[in-house]
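Student: Hey, I've just opened this one and could use some help finding my way around. Can we go through it together?
Tutor: Sure, let's pull it up and take your questions as they come.

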Amino acid sequence: MDVIRLLGIRDTPLSVDEVLSAVGDHGAGGTAIFVGTVRKQDHGKPVTGLSYSAHPSATDELRRVAEKVAAGFPVTALAAVHRVGDLKLGDIAVIVAVACPHRDEAFRASRTLIDDLKAEVPIWKHQMFADGSSEWVGACA
């Protein structure tokens, strides 16, 4: 059975319940989840909203990152979903979850998953500020 249970880049709202359900596993003693949301400020500037864009290869790159994490840790189940399109303050932008036999492994694997997703998957954030300015932030280096 494939330990990668759910992957996606979506233009619809993300569900923590869906992700947790996807990684439910009786072989896991620990499940770690990270939920990234749109915050009200960045670098001391008030944020009014943002928009995420993804390269057509983003889903393939997300799978590659997930496979690397699954190979590097004793993962029993893994899920990762990222939102694209316009988001408001408080909206969920990304959810990753990893189930492993032990909590430390789950924490380390989920941290690696979110960090590698942000560093390697071609998704970009266009952030709008209250003063009318905006900036593009490369979620992928």
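Student: How many salt bridges does a search of the whole structure find?
Tutor: The search turns up 13 salt bridges. Keep in mind that this is a predicted model.

Student: OK, give me one. What does R39 form a salt bridge with?
Tutor: The partner of R39 is D42, and their closest N and O atoms are 2.7 Å apart.

Student: Is D42 buried or exposed?
Tutor: D42 counts as buried, because its relative accessibility is 8% and the cut-off for buried is under 20%. R39 has 43% relative accessibility, so R39 counts as partly exposed.

Student: Got it. And what about K68, which residue does that one pair with?
Tutor: K68 forms a salt bridge with E120, with 2.9 Å between the closest N and O atoms. K68 sits in helix α2 and E120 in helix α3, so this pair ties together parts that are 52 residues apart in sequence.

Student: How accessible are those two?
Tutor: K68 is partly exposed, at a relative accessible area of 38%. E120 counts as partly exposed too, with 24% relative accessibility.

Student: Which residues are linked with K68 and E120 in a network?
Tutor: E61, R64 and D116 are linked with K68 and E120 in a network of salt bridges.

Student: Back to the helices, then. How do α2 and α3 cross?
Tutor: Helix α2 covers residues 58–72 and helix α3 covers residues 103–120; their axes come within 10 Å and cross at roughly 150°. Angles over 145 degrees count as roughly antiparallel, and α2 and α3 are therefore roughly antiparallel to each other.

Student: Left-handed or right-handed crossing?
Tutor: Right-handed, as α2 passes α3.

Student: What about R108 and D104, where do they lie?
Tutor: Both are in helix α3, 4 residues apart, which is about one turn of the helix. Their side chains meet in a salt bridge, 3.0 Å from N to O. R108 is partly exposed, with a relative accessible area of 40%, and D104 counts as partly exposed at 45% relative accessibility.

Student: Enough charges! Which residues make the nonpolar surface patch?
Tutor: That would be L20, I33 and V35, which make a patch of about 200 Å².

Student: Where is V35?
Tutor: V35 is placed in strand β2, which covers residues 30–37. V35 counts as partly exposed, because its relative accessibility is 33%.

Technical notes: Residues are numbered from 1 along each chain as its sequence is written. This is a predicted model: local features need pLDDT of at least 70, side-chain atom pairs count only at pLDDT 80 or more; totals for chains, interfaces and linings use all residues. Side-chain values use heavy atoms; hydrogens and water are left out. Patches are made of residues with over 30% relative accessible area and no salt bridge: like charges are joined within 9 Å, nonpolar side chains (Val, Leu, Ile, Met, Phe, Trp, Tyr) within 5 Å. Accessible areas come from the Shrake-Rupley method with a 1.4 Å probe; for residues, only the protein chains shown count as cover. A salt bridge is a side-chain nitrogen of Lys or Arg within 4 Å of a carboxyl oxygen of Asp or Glu. Helices (H or I, at least four residues) and strands (E, at least two) are DSSP runs, numbered from the N terminus. Buried means under 20% relative accessible area, exposed over 50%, partly exposed in between (1.4 Å probe, protein chains only). Axes are lines fitted to C-alpha atoms, for helices over the stretch in contact, and angles run from 0 to 180 degrees between N-to-C directions. Angles under 35 degrees count as roughly parallel, over 145 as roughly antiparallel, 65 to 115 as roughly perpendicular and the rest as oblique. A crossing is left-handed if the near helix is turned anticlockwise from the far one by less than a right angle, and right-handed if clockwise.
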